[in-house]
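Here's a quick briefing to read alongside the model. Have the viewer open and follow along by topic.

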Amino acid sequence: MEEKGSLGIYLSPDKAVAVWTGSAGDGILHKLCIVPNADDPGGIALQAARAVARQGFAFDEVFTAVDCSYYTQYNLTSEFDDYRQIDSTIKFDVEEAAAADAVNLAVAFEITGKESVGSAVTVYTADRQRLTDILLDIQEGGLDPTIIEPDVTAL
């Protein structure tokens with residue numbers, strides 16, 4: 001089975017950029033910039049997914065990076081150094097830092113270092129409903145992203 005490469009989509013409130021890459025380090029094969037069209041129903045994620053589909057280029061996986069205006073980044077210290085323990089407790093740490101109910105937040109994190117007790121952790125939070133809407137719009141446009149991540153980690 002021949003690999004078709006990947007599609008990367010960067011989403012910001014005022015534009016989207018799509019790039020198609022080859023499967024074996026071929027670099028960028030195609031690129032497309034999408035700006036919101038007030039006459040086209042749906043948000044930028046739906047408009048981008050539809051524009052990508054119209055191009056007709058083949059790809060196996062879709063990766064989506066969301067602009068920093070969609071999320072907030074926190075540098076926190078967890079009292080744990082085990083990934084699973086951090087994973088099960090990070091939302092409690094974020095609630096205090098974000099001054100928001102973690103139920104309404106989508107939370108992702110990465111361990112960025114070890115402390116004398118625990119770990120340094122970079123945490124990304126976003127409005128859960130906003131990310132859900134982005135995912136549903138992309139899927140409605142005919143794409144199914146493998147991952148949606150903050151733009152800073154996609155770099």
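Buried here means under 20% relative accessible area, exposed means over 50%, and partly exposed is in between, using a 1.4 Å probe and protein chains only. By that yardstick W20, at 1% relative accessibility, counts as buried. Keep in mind that this is a predicted model: local features need pLDDT of at least 70, side-chain atom pairs count only at pLDDT 80 or more, and totals for chains, interfaces and linings use all residues. Residues are numbered from 1 along each chain as its sequence is written, and side-chain values use heavy atoms, with hydrogens and water left out.

**Ground rules for elements**

- Helices (H or I, at least four residues) and strands (E, at least two) are DSSP runs, numbered from the N terminus.
- Two strands pair if DSSP finds at least two bridges between them.
- For angles between strands, axes are lines fitted to C-alpha atoms (for helices, over the stretch in contact), and angles run from 0 to 180 degrees between N-to-C directions.

**The five-stranded sheet**

- One open sheet has five strands in the order 3-2-1-4-8, with mixed pairing.
- Its edge strands are strand 3 and strand 8 (147-150), each of which pairs on one side only.
- Direction ignored, neighbouring strands of this sheet are turned by 20 degrees against each other on average.
- Strand 2 runs antiparallel to strand 3 (residues 28-34), and six bridges join the two.
- If you want to see the register, A18 has L32 in strand 3 as its bridge partner, and V19 has K31 in strand 3.
- Strands 2 and 3 form a hairpin with six residues between them, and G25 in the turn has a positive phi of about 70 degrees.

**The three-stranded sheet**

- The other sheet to look at is open too, with three strands in the order 5-7-6 and antiparallel pairing.
- Strand 5 (71-78) and strand 6 (105-114) are the edge strands, each pairing on one side only.
- Neighbouring strands in this sheet are turned by 25 degrees against each other on average, direction ignored.
- Strand 6 and strand 7 (residues 119-127) pair antiparallel over nine bridges, and L105 has D127 in strand 7 as its bridge partner.
- T122 sits in strand 7 and, at 6% relative accessibility, counts as buried.
- The side chains of T122 and N75 are joined by a polar contact of 3.3 Å. A polar contact is a pair of N or O atoms within 3.5 Å; within protein, one must be able to donate a hydrogen and the other to accept it, and residues adjacent in sequence count only if both atoms are side-chain atoms.

**Aromatic pairs**

- Rings of Phe, Tyr and Trp (its six-membered ring) pair if their centres lie within 6.5 Å; planes under 30 degrees apart count as stacked, over 60 as edge-to-face and the rest as tilted.
- There are three such pairs in the structure. One of them is W20 with F57, edge-to-face at 5.0 Å centre to centre and 75 degrees between the planes.
- W20 lies in strand 2 (residues 15-21) and F57 in the loop between helix 1 (44-55) and strand 4 (61-66), so this pair ties together parts that are 37 residues apart in sequence.
- F57 counts as partly exposed, at 29% relative accessibility.

**Helix 3 and a loop residue**

- Helix 3 (residues 128-140) has 13 residues and reaches 18 Å from its first C-alpha to its last, close to the expected 18 Å. The expected span is 1.5 Å times one less than the number of residues.
- At the start of helix 3, a side-chain oxygen of D127 comes to within 3.2 Å of the backbone nitrogen of Q129.
- Just after helix 3, G142 has a positive phi of about 100 degrees.
- A99 is in the loop between helix 2 (83-98) and strand 6. Its phi is near 50 degrees, a positive value in a residue other than glycine, and at 71% relative accessibility A99 counts as exposed.

**Cysteines**

- A disulfide is a pair of cysteine sulfur atoms within 2.5 Å, and a search of the whole structure finds zero of them.
- Why is C33 not bonded to C68? The sulfur of C33 is 17 Å from the closest cysteine sulfur, the one in C68, which is too far for a bond.
- C33 is exposed, with a relative accessible area of 52%, while C68 is partly exposed at 47%.
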